[in-house]
Structure formats: C-alpha cells, structure tokens
Amino acid sequence: MWSRFILLLIAVVALPAAAEANVVWPAALLTERLLAWWIIGASLVIEALFVWAAFRLPFWKTVWATLAANAVSAAVGLFLLPFLGILLEASLQGSGIAIKIDWDAFSLAGWIATFAIAVAFNLAIELAVFRYGYGLRIGRWAAGLILLANVITVGLALVSLDVVPNEGYREISPGIVGE
C-alpha cells in the first residue's frame, strides 16, 4: 500500500518536469513559474490574507487552510494545468476556430486564455479544499475573495514571465510588461 503511494508521489513530482522538457505551451511555462519558490512564497502570503478575510479563521487555521488548498492545487495542477492548456490548443486547432480568430498559442489571446484557465482551475480546487476539507461555507463573498486572490497570484506569475523570463524562452514571453 505505502509503496504504491510513494511511487505515485514520485511520479507526481518527476513526470511533469520530464513532460515539460519537450513540450512548450503557455500553460506549461506558467505551471513551471507557479512552482517557483518566490512565487509560492508571495502567493501564500497574499492568499492567506484573502482566506482570512473570506472566512475570519484564527491565524493558524488560516495558515493551514491556505497551505492545504495550495498544496492540493499544486499537486493536481502539475498534471492538469499543462494538459488543459494543450487541450485548449488542440480543440481550437481541431475545430478550425484558430484560423478564424488568428489564434496562436503564444499570442496575447493565448496567454489570456492560459491565465483564465489557471485562475479557474486554482479557484475550483481551493474552494473544494475549503468546503470539503475544512467544512467552510462558501458564499459569494468568500468565493469572490478567493477568486481575487487567484487573479492576483496567477497574474503575478504571468507578469513575472516578462520580467524574469524562463531560460531559453525569452522570445515567447507574454509581452505584458513590454520591452
């Protein structure tokens, strides 16, 4: 039993890095940046403030709830976020919509779509952790605050790709900040 769990854990940690080595999509680059230590640190502080404002939990419960929600989101997101980005690209290319709207994965529209997918994905996972893991009531106010926190933190990661581009991918950074 434990050996299977350990093998699964190793796969969760190791496979996304191997998968991203040969596949470059905005979602893969954003996923990599979302896992940078300095983005994680900043995101945890920002999101903890919003979690506290949304639920008015005691300090340590706020910290643990924020850590748990982000840990689950990161673990699931290692696989799902790049997959969702590739799925978006494949569905647009396969349906012919990409030609009609002049779609390019690394266009501004591609980066905006990647941002929206990442925010929606993180929001859904984190709200599920708060609801089912902590038994918290998720009203519109709480959901709105957690949404805003994710817009800020995913936006921080996205803008950071312009400010500090991933090595080897400078020419395909989002172009949000400019030259």
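These legends describe close-up views of a predicted model.

**View 1. The whole chain is built from helices.**
The chain holds 7 helices and 0 strands. Read along the sequence, the pattern is α-α-α-α-α-α-α. Of the 179 residues in the chain, 40% are buried. Now consider contacts between residues at least 6 apart in sequence. Of these contacts, 73% join residues at least 24 apart.

**View 2. Helix H2 packs against helix H7.**
Helix H2 covers residues 26-34, and helix H7 covers residues 140-163. Their axes lie 9 Å apart. The packing angle is about 110°. Because angles from 65 to 115 degrees count as roughly perpendicular, H2 is roughly perpendicular to H7. Which residues of H2 meet H7? They are Leu29, Leu30, Arg33 and Leu34. On the H7 side, the partners are Thr153, Val154, Ala157, Leu158, Ser160 and Leu161. By class, this contact has 7 nonpolar, 2 polar and 1 charged residues. In an α-helix, residues three or four places apart point the same way, because there are 3.6 residues a turn.

**View 3. Helix H2 is mostly covered.**
How many of the 9 residues in H2 are buried? The count is 8. The buried residues at the start of the list are Pro26, Ala27 and Ala28. Leu29, Leu30 and Thr31 are buried too. Arg33 and Leu34 complete the list. Arg33 is also one of the H2 residues that meet H7.

**View 4. Serine 43 and threonine 153 are far apart in sequence.**
Serine 43 lies in helix H3. Threonine 153 is one of the H7 residues that meet H2. Along the chain, serine 43 and threonine 153 are 110 residues apart. In space, their C-alpha atoms are separated by 5.4 Å. Is serine 43 buried or exposed? Serine 43 is buried, because its relative accessible area is 8% and the limit for buried is under 20%.

**View 5. Arginine 56 sits in a loop, over a tryptophan ring.**
Where is arginine 56? Its place is the loop between helix H3 (37-55) and H4. Arginine 56 lies over the face of tryptophan 52. The distance from the ring centre is 4.1 Å. The phi angle of arginine 56 is near 50°. That value is positive, in a residue other than glycine. Arginine 56 is exposed, because its relative accessible area is 56% and exposed means over 50%.

**View 6. Phenylalanine 59 and tryptophan 60 form an aromatic pair.**
The structure holds 2 aromatic pairs. One of them joins phenylalanine 59 and tryptophan 60. A pair of aromatic rings is described by the distance of the centres and the angle of the planes. Here the centres are 4.9 Å apart. The planes meet at 80°. The pair counts as edge-to-face, because that label applies to planes over 60 degrees apart. Phenylalanine 59 counts as exposed, at 56% relative accessibility. Tryptophan 60 also counts as exposed, at 58%.

**View 7. Alanine 69 is buried in helix H4.**
Helix H4 runs over residues 59-95, and alanine 69 has its place there. Alanine 69 counts as buried, because its relative accessibility is 1%. Which residues does alanine 69 touch, not counting those up to four places away in sequence? They are Ile125, Glu126, Val129 and Phe130. Alanine 69 and asparagine 122 are 53 residues apart in sequence. In space, they are 8.9 Å apart, C-alpha to C-alpha.

Terms used: Residues numbered from 1 in each chain as written. Predicted model: local features only at pLDDT ≥ 70, side-chain atom pairs only at ≥ 80, totals over all residues. Heavy atoms only, no water. Phe/Tyr/Trp six-rings, centres within 6.5 Å; stacked < 30°, edge-to-face > 60°. Buried < 20%, exposed > 50% of the residue type's maximum accessible area, 1.4 Å probe, protein only. Lys NZ or Arg CZ within 6 Å of the ring centre and 35° of its normal. Axes fitted to C-alpha atoms, helices over the stretch in contact; angles between N-to-C directions. Helix = DSSP H or I, 4+ residues; strand = E, 2+ residues; numbered from the N terminus. Parallel < 35°, antiparallel > 145°, perpendicular 65-115°, else oblique. Contact = heavy atoms within 4.5 Å. Nonpolar A, V, L, I, M, F, W, Y, C, P; charged D, E, K, R; others polar.
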